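Let's take a look at one binding site and the residues around it. Here is the structure to keep open while you read.

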Amino acid sequence: MIVTIDGVAASGKSSVSSGVARALGVPYVSSGLLYRAAALLALEAGAALEDEAAVLVLLEGSGLRLEPLAEGNRVWAGGRELTPDLHSTRVDKGVSAVASLPGVRAWVDAQLRALPQPFVAEGRDMGTNVFPHAQAKFYLTASPRVRAERRARERPEDIPAIEAALTKRDEADRRQISPAVDALVIDTGPLDLQGVIEVILSALPEHEAGRTS
Ligand SMILES: Nc1ncnc2c1ncn2[C@@H]1O[C@H](COP(=O)(O)OP(=O)(O)OP(=O)(O)O)[C@@H](O)[C@H]1O
Ligand SMILES: Nc1ccn([C@H]2C[C@H](O)[C@@H](COP(=O)(O)O)O2)c(=O)n1
């Protein structure tokens, strides 16, 4: 069983996926963390973010691994945990460039498809490209202002600066961002986190919602 939850930046994908995954008793898989890890490795190595060959060498040589858990995903490069460094402003700024490289996308997709099912997968193209045969698909949206207000609770920048950065990243990610035709689109603006989780759980096919493994 695979449930996909795609959406724009900071729309609540990981928080909602974690809640849905815990309710179903399965892990969730954050594809964005692998793109973030690729960007971090490139930044740390001083590689150009557009240099596909250099980024792929770093990915192949780093022992990069996603640990998908229902409570939160962790990313490892060999024995070093990258997770705490993946949501910095510099990674936010660089990640779209790395994620636009076809070879990097193919590398990430292969990692995701090799993971043991069942799980909830979140990102941009989980329902369209990576898991087109998923049993249930969702797509989260909210206005840039709402997303910036939420993000401002966890970042030092002010709301207008966060909103501008989110809008820029939406624009850069647009090629990857579009709802699957069979996804339920949810505007999370008027809903709290638990409200979004409940909309998704109530929309799952009866036999999926009742599954715990
Ligand atoms: N419906 C909601 N109501 C209120 N706050 C929310 C809601 N959904 C998410 N949040 C909060 O918004 C922030 C961003 O959520 P989250 O990190 O889950 O988004 P994301 O889509 O995974 O982000 P990113 O694209 O940057 O990885 C978090 O602080 C989260 O708690
Ligand atoms: N399936 C995916 C997941 C993520 N990306 C890119 C686009 C984002 O800017 C970046 C970070 O993702 P986030 O943590 O915001 O979910 O990675 C993508 O292209 N495809």
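R36 is buried in this predicted model, because its relative accessible area is 7% and the cut-off for buried is under 20%. You'll find R36 in helix 2, and its side chain reaches the backbone oxygen of L86 at 2.9 Å. R36 also turns up at the ligand: it is among the closest residues to ligand 2, along with R105, R124, D125 and D173.

So much for R36; now for the site itself. In total, 16 residues surround ligand 2. Sorted by class, that shell has seven charged, five polar and four nonpolar residues.

Here are some polar side-chain contacts with the ligand:

| Residue | Atom of ligand 2 | Distance |
|---|---|---|
| R105 | oxygen | 2.8 Å |
| D125 | nitrogen | 2.8 Å |
| R169 | oxygen | 2.9 Å |

How much of ligand 2 does the protein bury? Taken alone, the ligand exposes 440 Å², and the protein buries 96% of that.

And where does ligand 2 sit? Look in the largest pocket. Helix 2 (31-45), helix 4 (89-99) and helix 8 (159-173) are the elements that each give two or more residues to the shell. Helix 2, the one that carries R36, gives the most, with four residues.

Terms used: Residues are numbered from 1 along each chain as its sequence is written. Chains are lettered from A and ligands numbered from 1 in the order in which they are written. This is a predicted model: local features need pLDDT of at least 70, side-chain atom pairs count only at pLDDT 80 or more; totals for chains, interfaces and linings use all residues. Side-chain values use heavy atoms; hydrogens and water are left out. A residue is near a molecule or strand if one of its heavy atoms lies within 4 Å of it. A polar contact is a pair of N or O atoms within 3.5 Å; within protein, one must be able to donate a hydrogen and the other to accept it, and residues adjacent in sequence count only if both atoms are side-chain atoms. Accessible areas come from the Shrake-Rupley method with a 1.4 Å probe; for residues, only the protein chains shown count as cover. On a 1 Å grid over the protein atoms alone, a cavity is a set of points where a 1.4 Å probe fits but cannot get out, and a pocket is an open set with protein on both sides within 12 Å along at least five of seven lines; lining residues have an atom within 4 Å of a point. A molecule sits in a cavity or pocket if more than half of its atoms lie within 2 Å of its grid points. Ala, Val, Leu, Ile, Met, Phe, Trp, Tyr, Cys and Pro count as nonpolar, Asp, Glu, Lys and Arg as charged, and the others, Gly among them, as polar. Buried means under 20% relative accessible area, exposed over 50%, partly exposed in between (1.4 Å probe, protein chains only).
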